Amino acid sequence: MTASRGEFSSRFGFLMAASGSAVGLGNIWGFPTNAASNGGAAFLFTYLVLAFALAYPALMAELIIGRHAKSNSIKALQSISRGPKTRALAVAVGALGIVTVSFILSFYAIVSGWMMAFFLDPLARLFGASELASWLTRDTSWRNAIFMALFMALTIHIIRAGVKNGIERWASRLMPMLILILLLLIFYVLTLPGAMDGVHAYLVPDFSQLANPSLVVDAMGQAFFSLSLGVGTMLIYGSYISKGENLPVTGSLVALLDIGIAVIAGMLILPAMYVALANGVEIFNADGGLVAGPALIVSVLPELFGDMGAAGVFVALAFFLLMTIASLTSSISMLEVPVAYAVESGNMSRGRAALLIGAIVTCVSLVIVLNFDPLFDFVVTYATEVSQPLLGFFFCIFVAWIWRRDAVLKEISQGCPNAESGLFWKIWPLYVKFICPMAILLVFLQ
Ligand code: PHE
């Protein structure tokens, strides 16, 4: 069985795939705007603490279970269960993860479709197709449905090709490109008038915000979503890591890349917003906060790019290419979760599973497109604010309370022979046993 499963061919391949999953719209869009509306560096600070203290341990829990079991999330949780009750819980948690990640993909594909449409808009304008350009940027169900389906087709295409030839190959191509485009955009935007006000808004903390309870909740939700936790993506990617890999080190590199890219993305989005302000674009909403939702990406920034003249065409192209790449390397990790289950437990071929499940998600997505107002926010909230933290809680319970401690250590020690005496083993077990589940519950109850 193990021989027929895919495996990442190198540490670099895994790092690109896992950080590709982690780095997505959550980093480039969610993090900077969350920071902007929650007191700038006060949010940044809280986020850093929560990401390292809670999200990294939870990430490790998933990677370790995955690599130990070398199978899909339901089977993996079952393999560390200890009796009929915990086996039933394993099925429930694994299945809820599969359903949740499919719903996350269904709304993610819609937003990613917008990114693709906005990427084509400057091209259309460049070639004088102004009617096409205005159709691309107009919020219609047709446009949303077509680009969502296109984005899903890309995602399905990559997943059909398998772990090494699909996920690893594409992540290894796209992630370096993403980092390069992000850095180039930052350097350019920082030279524009008004950019420094954005840097100021981002990096000068408004500590009065620390008293705001929604700050911690937002930062925690952001950290969990950003590290793709709770739904089995990191578990399944962990199941494709070789036994010779040092998990604590590799996991911390993924966390560092994810957190680092989110923090750097703040240096693009906030300065860009203040450049837009200097150009006369409205960046504050009715209650005085910064525009943060879809309006930021699909109206404030395009308006800014539009004001930049010829350079704006290239900046817009680069920006929406960046967003599309970030989305795609995340969406493939989402689709991989149910596909791996169908292949391993449903005996389906990978090609068929990717097509079938991809088609189902596309249909769900279409229903959301056609009933956008009642459904979109509802699905986002339930999937990311209810289901994801709850599942993260259960992953901690499985690894720290149900799985035998010596078995956990044995798994970590593969690829990290002196794990027992290392710092990771001194701190991490306590964290996942007490601090993570309690903190998740506390924040959840709020
Ligand atoms: N981490 C991704 C992002 O930041 C989203 C994601 C969530 C990916 C859950 C996989 C699973 O955009």
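Here are two short exercises on the pockets of this predicted model.

**Exercise 1.** Work out how much space lies in the largest pocket, which residues are closest to its centre, and which elements line it.

*Solution.*
- Start with the volume: the largest pocket holds about 1000 Å³ of space.
- Next, head for the middle. The lining has 33 residues, and the closest to the centre are Asn34, Gln222, Val380, Thr384 and Glu385.
- Now look at the elements. Helix 2 (25–37), helix 5 (84–126), helix 10 (213–226), helix 16 (372–402) and helix 18 (423–445) each give two or more residues to this lining.
- Which helix gives the largest share of the lining of the largest pocket? That's helix 16, with eight residues.
- Finish by sorting the lining by class: you get 19 nonpolar, eleven polar and three charged residues.

**Exercise 2.** Do the same for the second largest pocket: find its volume, the residues closest to its centre, and the make-up of its lining by class.

*Solution.*
- The volume first: about 220 Å³ of space lies in the second largest pocket.
- Then the centre. Of 14 lining residues, Met116, Leu154, Leu321, Thr324 and Leu328 are the closest to it.
- On to the elements: helix 5, helix 7 (141–160), helix 8 (163–190) and helix 14 (310–345) each put two or more residues into the lining of the second largest pocket.
- Among these, helix 14 gives the most, with five residues.
- Last, the classes. The lining of the second largest pocket has twelve nonpolar and two polar residues, and no charged ones.

Definitions and conventions
Residues are numbered from 1 along each chain as its sequence is written. This is a predicted model: local features need pLDDT of at least 70, side-chain atom pairs count only at pLDDT 80 or more; totals for chains, interfaces and linings use all residues. Side-chain values use heavy atoms; hydrogens and water are left out. On a 1 Å grid over the protein atoms alone, a cavity is a set of points where a 1.4 Å probe fits but cannot get out, and a pocket is an open set with protein on both sides within 12 Å along at least five of seven lines; lining residues have an atom within 4 Å of a point. Grid points are joined across faces, edges and corners, and a volume is the space filled by probe spheres set on the points. Helices (H or I, at least four residues) and strands (E, at least two) are DSSP runs, numbered from the N terminus. Ala, Val, Leu, Ile, Met, Phe, Trp, Tyr, Cys and Pro count as nonpolar, Asp, Glu, Lys and Arg as charged, and the others, Gly among them, as polar.
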